Amino acid sequence: MALQKRIRCMVMRAGTSKGVYLLENDLPQDPAEREQVILKIFGSPDPRQIDGLGGADPLTSKVAIIGPPSVEGADVDYTFGQVEIHEAKVHFNGNCGNISAGVGPFAILMGLVKAREPVTTVRVYNTNSRKILVEEVPMEDGEPAVYGDFAIPGVPGTGAEIRIDFSQTVGSITGKLLPTGNPVDEVDVPGYGVIRMSFVDMANPLVFVRAKDLGLTGTETPAEVDENPETLKMLEACRAAAAVKLGFAQKAEDVKTPLPLLAFVGPPADYVDFTTGKTVKAEEMDFTARLMFMGIMHKTYAGTGSICTAAAAKIPGTLVFQQVENAREKTVMRIGHPAGAMPVNTLADYDGDNVVFRNVGNSRDRKSTRLNSSHLSRSR
């Protein structure tokens with residue numbers, strides 16, 4: 001019987017996601033072998049991921065690989081992977097803002113970055129986007145703080161606030177803030193006609209559509225969308241057409257990447273937080289947004305998605321900008337998502353309709369649930 005191989009890992013909730021954090025040097029160098037190891041750690045493919053650390057949900061099936069810096073000015077390298085649940089596949093073609101929030105604390109705890117009181121700044125090079133994120137990690141007794149009064153809609157309780165600046169992530173995948181050069185494009189979606197879309201790329205590329213153009217309100221709950229096959233089909237058709245427009249695939253049926261993410265937006269409105277049953281008031285937000293992620297609706301809002309969405313709200317002419325009153329003057333954009341309103345810092349300068357971002361960032365918290373070894377094989 002083969003002995004088990006042990007790999008150090010930390011399971012950490014970061015923002016509204018949960019991931020497995022690994023050290024790059026503990027993994028195989030061969031990409032194919034590395035992917036197989038990660039799949040074993042998560043227990044994929046399996047709808048329950050019962051034989052691994054995945055939580056049978058896209059928001060809990062995420063991996064972060066941390067290693068020494070490969071570029072000047074960075075403290076660590078960070079590679080994000082979205083682990084498929086039903087397929088033997090790990091996607092490395094985008095980043096996750098929530099999982100990013102755990103990179104700084106992990107790097108400090110593992111001795112990759114020297115701890116400094118009261119706040120340790122960690123410059124993180126995200127290899128997926130080839131961009132640098134700047135994280136401010138609060139410290140307590142020489143370690144990243146866990147407890148605090150910072151709250152995130154969709155996460156129970158409170159924690160220590162971690163600030164992340166994504167302003168250096170313009171053109172994360174496409175190389176341009178506006179990949180098509182236009183704030184709005186008309187895209188032919190097979191079976192649904194021409195749909196107006198806005199393409200924006202900061203932190204991750206997103207495509208935005210107006211909820212009303214799809215017969216939606218922008219206040220839908222995850223269940224209302226996920227349990228409606230026709231709605232899911234329509235939204236994926238829009239996303240696939242957007243991917244073709246960006247050159248990510250030649251034909252809609254060939255789209256295999258989770259990118260671009262798709263969000264549908266609307267004006268501020270009252271709706272019920274599906275996690276608490278409480279009413280989220282229109283005055284608590286600047287617009288409503290619902291994000292599609294891995295074929296279903298995100299139960300809150302992705303970290304990188306919030307960055308790109310807030311940036312889109314500051315760019316004159318985009319469909320998101322059109323939902324916001326006095327968008328140019330706002331330094332914080334409040335995104336109304338299924339579990340509440342999320343604030344995102346948006347400091348920008350204008351030269352006519354051209355915008356230069358000085359700071360686009362949000363705050364997340366984190367909580368590690370274990371520091372142990374992952375077994376890659378088990379006796380039966």
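**Note on pockets, a buried helix and unusual backbone geometry**

1. The lining of the largest pocket is made up of 15 nonpolar, 5 polar and 5 charged residues. This is a predicted model, and the pocket's volume comes to about 560 Å³. Its lining has 25 residues, and Glu-84, Glu-87, Phe-293, Met-294 and Gly-295 are the closest to the centre. Two or more lining residues come from each of β4 (76-83), α5 (229-245), β13 (261-266) and β16 (287-293). Helix α5 contributes the most, with 4 residues.

2. The second largest pocket has a volume of about 300 Å³. Of the 20 residues that line this pocket, Glu-161, Asn-345, Gly-361, Asn-362 and Ser-363 lie nearest its centre. At least two lining residues are supplied by each of β7 (131-140), β9 (162-165), β19 (340-351) and β20 (354-364). Strand β20 has the largest share, 5 residues. By class, the lining divides into 10 nonpolar, 5 polar and 5 charged residues.

3. Closed space should be kept apart from the pockets. Searching the whole structure gives 1 cavity of 30 Å³ or more, and the volume of the largest cavity is about 140 Å³. The cavity has 15 lining residues, and those nearest its centre are Phe-80, Asn-95, Asn-204, Leu-259 and Phe-293. The lining consists of 7 nonpolar, 7 polar and 1 charged residues. Phe-293 is thus named for the centre of this cavity and also for the centre of the largest pocket.

4. His-298 sits in the loop between β17 (296-297) and α6. His-298 counts as buried because its relative accessibility is 1%, and the cut-off for buried is under 20%. Beyond its neighbours within four places in sequence, His-298 has contacts with Thr-16, Leu-59, Pro-222, Leu-291, Phe-293 and Pro-338. A polar atom of the His-298 side chain lies 3.0 Å from the backbone nitrogen of Thr-300. Asp-226 is 72 residues away from His-298 in sequence, and their C-alpha atoms are 9.9 Å apart.

5. Helix α6 covers residues 303-314. With 12 residues at 1.5 Å a residue, α6 should span 16 Å, and the 17 Å between its end C-alpha atoms agrees with this. All 12 of its 12 residues are buried. Among them are Cys-308, the run from Ala-310 to Ala-313, and Lys-314, the charged residue at the end of the helix.

6. Two cis peptide bonds deserve a look. Most peptide bonds are trans. Ser-44 and Pro-45 are joined by a cis bond with omega about 0 degrees, and Pro-45 belongs to the loop between α1 (31-42) and β3 (62-67). A cis bond with omega about 0 degrees also joins Leu-259 and Pro-260. Pro-260 is in the loop between α5 and β13, while Leu-259 is one of the residues nearest the centre of the largest cavity.

7. Positive phi values are the last point. Most residues other than glycine have a negative phi. Ala-56, in the loop between α1 and β3, has a positive phi near 60 degrees. Ala-56 counts as partly exposed because its relative accessibility is 36%. Asp-141, in the loop between β7 and β8 (143-144), has a positive phi of about 55 degrees. Asp-141 counts as exposed because its relative accessible area is 75%, and the cut-off for exposed is over 50%.

Methods: Residues numbered from 1 in each chain as written. Predicted model: local features only at pLDDT ≥ 70, side-chain atom pairs only at ≥ 80, totals over all residues. Heavy atoms only, no water. Expected span 1.5 Å × (residues − 1). Buried < 20%, exposed > 50% of the residue type's maximum accessible area, 1.4 Å probe, protein only. 1 Å grid on protein atoms, 1.4 Å probe; cavity = no way out; pocket = protein on both sides within 12 Å on 5 of 7 lines; lining within 4 Å. Points joined across faces, edges and corners; volume = space filled by probe spheres on them. Nonpolar A, V, L, I, M, F, W, Y, C, P; charged D, E, K, R; others polar. Contact = heavy atoms within 4.5 Å. Polar contact = N/O pair within 3.5 Å; in protein donor to acceptor, adjacent residues only side chain to side chain.
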